[in-house]
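Me: I would like to go through this structure and ask, for each label, what earns it. Please set the values against the cut-offs.

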Amino acid sequence: AKCSVGAPDGLMLTLTGHISCVRGLAVSDRTTYMFSVAEDKMVKCWDLEQNKVVRHYHGHLSGVYACELHPSLDLLVTAG
């Protein structure tokens, strides 16, 4: 599956990595990272300067449908 980040005037970036539908995104205000969650049970950390996955998180037993970054701590919460 593709994860596309848009801009007001059009598409800026398409990232490929998940094998099923992406259901949530969280972009860090403090780093260059974006997190994506999908129906493939995976959470991925993308480095938006390198445009690639830098970390995979696993442990969900079914699809992951939501994610949220804490505003001041290095903490990502996911829900499936």
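Me: Which residues is Ser28 in contact with, leaving aside its neighbours within four places in sequence?

Reply: Ser28 is in contact with Tyr33 and Leu69. The model is predicted, and contact here means heavy atoms within 4.5 Å. Ser28 itself is found in the loop between β3 and β4.

Me: What makes Ser28 count as buried or exposed?

Reply: The relative accessibility of Ser28 is 15%. Buried means under 20%, so Ser28 counts as buried.

Me: Why is the pairing of the side chains of Ser28 and Thr31 called a polar contact?

Reply: The two side chains are joined at 3.0 Å. The cut-off for a pair of N or O atoms is 3.5 Å, so the pair of Ser28 and Thr31 qualifies.

Me: Where else does Ser28 appear, and which residues lie nearest the centre of the largest pocket?

Reply: Ser28, Phe35, Leu69, His70 and Leu75 lie nearest the centre of that pocket, which is lined by 21 residues. Strands β3, β4, β7 and β8 each give two or more residues to the lining. The volume of the pocket is about 390 Å³.

Me: How many salt bridges does the structure hold?

Reply: The structure holds 2 salt bridges. One joins the side chains of Glu39 and Arg23, and another is formed by Arg30 with Asp74.

Me: What makes the pair of Glu39 and Arg23 a salt bridge?

Reply: The N to O distance is 2.4 Å. The limit is 4 Å between a side-chain nitrogen of Lys or Arg and a carboxyl oxygen of Asp or Glu, so Glu39 and Arg23 meet the rule. Glu39 lies in the loop between β4 and β5 and Arg23 in strand β3, so the bridge ties together parts 16 residues apart in sequence.

Me: How do you know that Arg30 and Asp74 form a salt bridge?

Reply: The closest N and O atoms of Arg30 and Asp74 are 2.4 Å apart, and the limit is 4 Å, so this pair qualifies. Arg30 sits in the loop between β3 and β4 and Asp74 in the loop between β7 and β8, so parts that are 44 residues apart in sequence are tied together.

Me: Why are Arg30 and Asp74 given their accessibility labels?

Reply: Exposed means over 50% relative accessible area, and partly exposed lies between 20% and that value. Arg30 has 48%, so Arg30 is partly exposed. Asp74 has 73%, so Asp74 is exposed.

Me: How do you know that Asp47 has no salt bridge?

Reply: The nearest side chain of opposite charge is Lys52, 8.0 Å away. A salt bridge needs a distance within 4 Å, so Asp47, although buried, has none. Asp47 is found in strand β5.

Me: What does the side chain of Asp47 make a polar contact with, and which backbone nitrogen does that side chain reach?

Reply: The side chain of Asp47 makes a polar contact with the side chain of Thr32 at 3.4 Å; the cut-off is 3.5 Å, so the pair counts. The Asp47 side chain also reaches the backbone nitrogen of Glu49 at 2.8 Å.

Me: What is noted about phi of Lys41 and of Asn51?

Reply: Phi of Lys41 is near 75° and phi of Asn51 is near 55°. Each is a positive value in a residue other than glycine. Lys41 is in the loop between β4 and β5, whereas Asn51 lies in the loop between β5 and β6.

Technical notes:
Residues numbered from 1 in each chain as written. Predicted model: local features only at pLDDT ≥ 70, side-chain atom pairs only at ≥ 80, totals over all residues. Heavy atoms only, no water. Helix = DSSP H or I, 4+ residues; strand = E, 2+ residues; numbered from the N terminus. Buried < 20%, exposed > 50% of the residue type's maximum accessible area, 1.4 Å probe, protein only. Lys, Arg positive; Asp, Glu negative; His and termini not counted. Polar contact = N/O pair within 3.5 Å; in protein donor to acceptor, adjacent residues only side chain to side chain. 1 Å grid on protein atoms, 1.4 Å probe; cavity = no way out; pocket = protein on both sides within 12 Å on 5 of 7 lines; lining within 4 Å. Points joined across faces, edges and corners; volume = space filled by probe spheres on them.
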